[in-house]
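Please open the structure in your viewer and keep the sequence beside it, since each stop on this tour asks you to select something and then look around it.

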Amino acid sequence: MKISEQWLKEWVPHTLAAEDLAHQITMAGLEVDAIDAVAGDFSLVVVGEITEAEQHPDADKLRVCKVDVGETESLQIVCGAPNARVGLKAPVALVGAVLPGDFKIKKSKLRGVESFGMLCAEAELQLSDAADGLMELPQDASTGTDLRDYLGLNDNTIEIGLTPNRADCLSIRGIAREVSVLTGVELQESTWASVSTEASAQIGVDLVATAACPVYAARVIEGVDNTLASPLWLQERLRRCGLRSKDPLVDVTNFVMLELGQPMHAFDGEKLNGPIVVRMAQPQESMTLLDGKEITLPDDALLITDQTGPIAFAGVMGGQRSAVSSETSTVVLESAFFTPRALAGQARKQGMHTDASHRYERGVDFDLAELALDRATQLIIEIAGGQAGPATVVRSKSDLPDRSNVSLSETSLSRALGLEIPKAEVSQILSGLGFGVDQTNEGWSCSVPSWRFDISIEADLVEEVARIYGYNKLPVSKIFANLEMPVRPEKAVSPSRIRRYLASRDLREVITYSFVDPKLAEQFGDLAKCVTLKNPISEDLSVMRPSLVPSLVGTAVTNINRQQSRVRIFEQGLTFAVGDDYPQEAKVAILLSGKAELERMGNRGGTVDFFDIKGEVEAFLSQLGITQASYVAAVHQGLHPGQTADILVDGAVVGYVGKIHPQTQKALGLSQAAYVAELNRDALSSADIAQFASVSKFPEVRRDLAVLVDGDVKVGALIATAKAALGMLGKDVFVFDIYQGQGVPVGQKSVAMGLTLGDQSRTLSDSDVNDAMAQVVESLKETYQAELR
C-alpha cells in the first residue's frame, strides 16, 4: 500500500518527520518498506507558457520557442518535443537549474540558435516514465511559479507492507485512523456536501446471491463528459499512490478506493439492458473482461449481470461489454460489499490479481458502500458534470458479518503484557481505533467496528492495546514456571537422533511445503485420496502431501536441473490423508540419485542402484536397534515393480523402498534414475532396548553352503529358514554369492551362504557342527526342494 505523506497530513495534521512517522507505524505492526520522494531532486524549475513557436532554420525536428516565465522578457528556448505549441504551459528549467542526476542547465546553442533554458518532460524531472513530450500543465497555472510549490512536490510516498489481516489499512482513511491513535492528533474526518438528485433516472437491483453480496448500492449519473482530463490534483494523488490517470470516471473510482478503501466500478449506462442482477455463475458461463481476456467462470463465482448476461466479475474486474469510454454520457456507479469467503481465490483461479480483489478477499467495511457512492458521485459531478439520480441500495441484514461484542479482562491484559495500563488509557486506545468501549467490573466490553475482520477473541484486543501502547514500552522480565519433565519411553526415537544419523551418512536434510502440486502427487498415488485445499496459495500447491516422496522427487528435479547431479537427501515430516479429522502420519524418507560416491581417486565408480538405497535403510534400522527387518517384493504407484519392496519389522509393513519408474521419471522431467525409501517414523520405536551380552569365551565356527533352488525363491526366505534350522547355535547367516549360468540348470540359481555357529557355554565339536549343517540342508530341501552343490 502506497500513500502520500501530504495526503495523510490532511487527515491527521501531525508534525513528525517522515522517518519518525515510519518508525511509529512499523512499531505498531504496519511495516514500512520504503520512503521515496515523489519527484527527483531539482531546482530552478518554474511554470512557463509558450507564446511563440517557429521552425528551427537548420533542423526539421526542432522548434524555436518564446517562453513566458513571469519575467520582463520572454526566454528563447530551442525544443524538440512534438507537442511544443503556442499556449502550452509546461515546466521550464532556467539557466542555472540543476535537474535529477546533477544535470546542470546552461546557456547553449543548438544548430546555431541560442537557447536559454529547457522545456521539460515528466521523465526529466523523475515525476514518471513519460518522455514522449513536454509535461502539460493546466491553463490556470501561474507562469513563473516554482514547480515544486505548484505541484506540492515536497512530499514523500510511504510504502507499507500490510499483513493480510489488516485490510482496514488499505486506504488513506484507515492509515490515518492508526496514525491518529499513535500520535494523539485528532483525526480530521472529511465532510462532503450531500448529493443533490437532479435527475430521476434510477436503476433496479435484484440481489439474488445475498450470502455472497449482502449490500449493493448503485446510482445513475446522466450528462457526464468523460472526454475531459482529470484535474492535476487528482492525477497527482493517484500517481503518488502508484496508479495512472486514465479518464475522470476511472480516476474517481480509483481515488475513492484509495481514500476510503471501497472498491468501485463504473458501467456505461447506455450499454446496460434492464436492472442489475447479482447472482452466482451458471454452469460453463463465460464473459470477456475489460482487458479483453475471455474467461469461463466456475459455479461458485459471483457475477454482476443485466438481462443480456454478465457485465462484471464481481469484486475482480468489469466486463468489456459495459465498459466506459470517452463517449460515455450516462454512467451507473457500483458500490458493494462482497464477503471475503465468496471472493477468496476467485481471482487467482483465473490467474488474476486486481486492487479490488486484493481488498475484497481481505474484507471491506460493509457500512461504507453508501458513503463511497456519495463521495464518488460528488467528485464526478464536480469534474465531469452531470446530474445524479437517486441511489438504489439493497441490503440483506441477516447475511452481514456477525459483530458480537468481545470482552477484555483487566487481569488477562496485565498478565499478557507484564504491566498494568491505566483503564482510561486502554479505553482511549480502543475507542481511537473505532471500537465501541464499555467499562465493566472485570475490564472492557467492546463492539467491533465494521471495518475490522480480524477481531473475534480476547487475545485480539490484547494485541491491539499492546501495539498502540508500544511493544518497546513493555517490561522485559524472566519467565518462571513449574515445569514437569515429560516421561519419554526409552524405546522412542527422536527426530533429532534420526537427523544426526542420516546427516552422518552424507545425506542432506530438506524441508519442503506440506502441500504439493497435484500433478506430482498423482504420480505416486490416488489423487482422490489426497486432501485438497479450498483456498491454496497457488494451483500448483493445492494438495496436502500424501507421502514425502513427491516432495523429495520435486527437490531432486530442481537440483539435477541445476547441475547438481549427485543427490542424497532426506526429510522428516507429516503426511495427510482423507478421513475423519484428516489423519496424519509422521514419516521419514530418503532419496538417492547420481554417482554412488564423489568422483575422487580411489572412490567407487558408477551410479547408485537398488542395493545402495536398501543398504542405507538397513544401516539406518540397525543403528536404531532393528536388526530383524525383512523385504518382500511389492508394487507401489510410481515405482518400478521389479525393484520395489515393502519393509517388514516383526511381520508388519513399516515402509517401502524402490526405484522411480522410468515412465514416472520421464513425466516429471527427471533426467537420471532415482531411488527412494519411506518409513513410518512411529514404527521405528519398536526396537528392543539393547541388552548387555558378554563375548563368548569359546570359538565360533564358519561353514559355507551352496544350494540349487528355483529362480523365483526369495533369498531372504532361504536365510530365514537356515537361521530357524540352526536354532540357538546360529550366530549369523548371510548370502555372499548368487549365480545363474553355465553349470546351473535353466530356471534355477545357485545361492552360496555363510553360516556362523557358536555356543556361549562350550566349544562346538565337529559332530555338533555337522549335525546342525545337515539339519539346515534337510530344511532347505524339504521347504524349497534345494539341492546341495
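**First stop: an enclosed space**

The largest cavity holds about 140 Å³ of space, and it is found in a model that is predicted. To reach this cavity, select A167, D168, L260, D365 and W451, which are the closest to its centre among the 15 residues that line it. Next, colour helix α4, residues 172-183, which gives the most to the lining of the largest cavity, with three residues. In total, the structure holds two cavities of 30 Å³ or more. As a general point, empty space of this kind is revealed by rolling a probe the size of a water molecule over the atoms.

**Second stop: a sheet of three strands**

Now select β1, β11 and β2, which form an open sheet in the order β1-β11-β2, with antiparallel pairing. Because β1 (2-4) and β2 (31-37) stand at the edges and each has a single partner strand, one side of each is left without a neighbour in the sheet. From one strand to the next, the twist averages 25°. If you look along β1 and β11, the latter being residues 156-161, you will find them paired in the antiparallel sense over three bridges, and there I3 stands opposite I158 in β11.

Stay in strand β11 and select E159, which is found there. Is E159 buried, exposed or partly exposed? With a relative accessible area of 28%, E159 is partly exposed, because residues count as buried under 20% and as exposed over 50%. The C-alpha atoms of E159 and K2 are separated by 4.4 Å, although these residues lie 157 residues apart along the chain. When neighbours within four places in sequence are left aside, E159 is in contact with M1, K2, E31, V32, D33 and A34.

**Third stop: the nonpolar cores**

Return to I3 and show what surrounds this residue: leaving aside neighbours within four places in sequence, I3 is in contact with L8, N156, T157, I158, I160, I172, I175 and C241. I3 also belongs to the largest nonpolar core, which has 49 residues, and I3, I160, I175, V252, V256, V331 and L333 are the members that touch the most other members. Another core, of 38 residues, lies apart from that one, and you can find it by selecting A209, L289, M352 and Y360, which are among its residues.

**Fourth stop: a hairpin**

Move along the sequence to β25 (residues 436-439) and β26 (residues 443-447), which run antiparallel and are joined by four bridges. The two strands form a hairpin with three residues between them, and G436 stands opposite S447 in β26.

**Fifth stop: a sheet of seven strands and a pocket**

Select the open sheet with the order β27-β30-β31-β35-β34-β33-β32, whose seven strands have mixed pairing. Within this sheet, seven bridges join β31 (residues 584-593) to β35 (residues 674-680), and these two strands run antiparallel; the bridge partner of I590 is A677, in β35. Add helix α16 (residues 549-560), which lies across β30, β31, β34 and β35 and runs at about 150° to β30. Then add α17, which lies across β30, β31, β32, β33, β34 and β35 and runs at about 25° to β35.

Where should you look for the centre of the largest pocket? The largest pocket has a volume of about 1300 Å³, and K614, E618, Y631, V715 and G716 are the closest to its centre of the 34 residues that line it. Finish by highlighting α17 once more, since this helix gives the most to the lining of the largest pocket, with seven residues.

Terms used:
Residues numbered from 1 in each chain as written. Predicted model: local features only at pLDDT ≥ 70, side-chain atom pairs only at ≥ 80, totals over all residues. Heavy atoms only, no water. Core = buried A, V, L, I, M, F, W, Y, C linked by side-chain atoms within 4.5 Å. Buried < 20%, exposed > 50% of the residue type's maximum accessible area, 1.4 Å probe, protein only. Contact = heavy atoms within 4.5 Å. Pairing = 2+ DSSP bridges. Axes fitted to C-alpha atoms, helices over the stretch in contact; angles between N-to-C directions. 1 Å grid on protein atoms, 1.4 Å probe; cavity = no way out; pocket = protein on both sides within 12 Å on 5 of 7 lines; lining within 4 Å. Points joined across faces, edges and corners; volume = space filled by probe spheres on them.
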